[in-house]
Structures are given as structure tokens and as C-alpha cells.
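Me: Got a minute to go through this one with me? I'll paste it below.
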Amino acid sequence: MHVPVGRSPVIAAFALILVCQLFGEVVSELFDLPVPGPVIGLVLLFVGLLIKRKPPKVLTDAADNLLIHFSLLFVPAGVGVVTQIDRLKGDWLPIAAALIISTLLAMVLTALLMSKLLPKAKPGESLEDGQ
């Protein structure tokens, strides 16, 4: 297998994502913010993409590649849940209530937001006709 010499655009895109995360960590620690560094890094990346107006294709390809393997990122969380099984046995009711209420709240708020943001169809017209 031949590996091209030089910089790989996909590696550069992954590096950009990691640099944004690193900047987020630095900002979070520097200002002692209660927000995790990766969240701040995601906001920084988002602002950068808003300024650029359109994400580079190599960045979208790298993001698609991450999303393909996204389920693997849940394995450590699943292992963490299993290691805390004794705590779950004792506090299952508040945990279940929090999960159910937060899920329902997220669904309701998403539906309300979409109903406000999506264009309204005129009577007798479907949304596809107006586009």
C-alpha cells in the first residue's frame, strides 16, 4: 500500500477539531469556567464556520468519518455505567425520572422550535410545492 508523502487533508481537519478542543480546554481552565473545554471548543469551531460561511469539504468529510464510528464513543460510557451498578440500584428511581423528564422536555422543546422555524404551508399547498 502506498501512502502519499506530505500533509493529509483529513489529518489536518482532525487536527483543526482537536485544536479547537484544546483552545476550549485552555479557555475553560484559564477563566475557571463551569463549562467543559470541549463544549467551548465546539462553540469556537462553530463561530469559525459561521465566519467562513461554508465548511471546507475536507472538514465535512472528516466529520462524516467521525459520525460513522460515533457508536464506538458510547462504549466507555457503557462500561462506566456497569461499574456504577450498585449506585444505580440504590438511586434508580430519581435517575429514571430525570431521564424520562429530560427526554420529554427535549422532545417538546424541539417540536416547538421546529414549528416556529419551519415555513408554514398555505392551505391547499404542500411544502414541496412552495420550494
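Me: How much area does the chain expose, and what share of it do carbon and sulfur atoms supply?
Reply: Keep in mind that this is a predicted model. The exposed area of the chain comes to about 11,300 Å², and 73% of that is supplied by carbon and sulfur atoms.

Me: And what percentage of the residues is buried?
Reply: Buried residues are 8% of the 131 in the chain.

Me: OK, switching to the fold. How many helices and strands are there?
Reply: The chain has 6 helices and 0 strands. Read from the N terminus, the order of elements is α-α-α-α-α-α.

Me: What about H1 and H2, at what angle do they pack?
Reply: H1 covers residues 9-30 and H2 covers residues 37-52. They pack at about 125°, and their axes are 7 Å apart. Because of that angle, H1 counts as oblique to H2.

Me: Is the crossing left-handed or right-handed?
Reply: H1 and H2 cross in a right-handed way.

Me: Which residues make the contact?
Reply: From H1 you have Leu16, Ile17, Cys20, Gln21, Phe23, Gly24, Glu25, Val27 and Ser28. H2 brings in Gly37, Pro38, Ile40, Gly41, Leu44 and Leu45.

Me: How does that contact split by class?
Reply: Between H1 and H2 there are 9 nonpolar residues, 5 polar and 1 charged.

Me: Last one, on contacts across the chain: of those between residues at least 6 apart in sequence, what percentage join residues at least 24 apart?
Reply: That figure is 37% for the chain.

Conventions: Residues are numbered from 1 along each chain as its sequence is written. This is a predicted model: local features need pLDDT of at least 70, side-chain atom pairs count only at pLDDT 80 or more; totals for chains, interfaces and linings use all residues. Side-chain values use heavy atoms; hydrogens and water are left out. Axes are lines fitted to C-alpha atoms, for helices over the stretch in contact, and angles run from 0 to 180 degrees between N-to-C directions. Helices (H or I, at least four residues) and strands (E, at least two) are DSSP runs, numbered from the N terminus. Angles under 35 degrees count as roughly parallel, over 145 as roughly antiparallel, 65 to 115 as roughly perpendicular and the rest as oblique. A crossing is left-handed if the near helix is turned anticlockwise from the far one by less than a right angle, and right-handed if clockwise. Contact means heavy atoms within 4.5 Å. Ala, Val, Leu, Ile, Met, Phe, Trp, Tyr, Cys and Pro count as nonpolar, Asp, Glu, Lys and Arg as charged, and the others, Gly among them, as polar. Buried means under 20% relative accessible area, exposed over 50%, partly exposed in between (1.4 Å probe, protein chains only). Accessible areas come from the Shrake-Rupley method with a 1.4 Å probe; for residues, only the protein chains shown count as cover.
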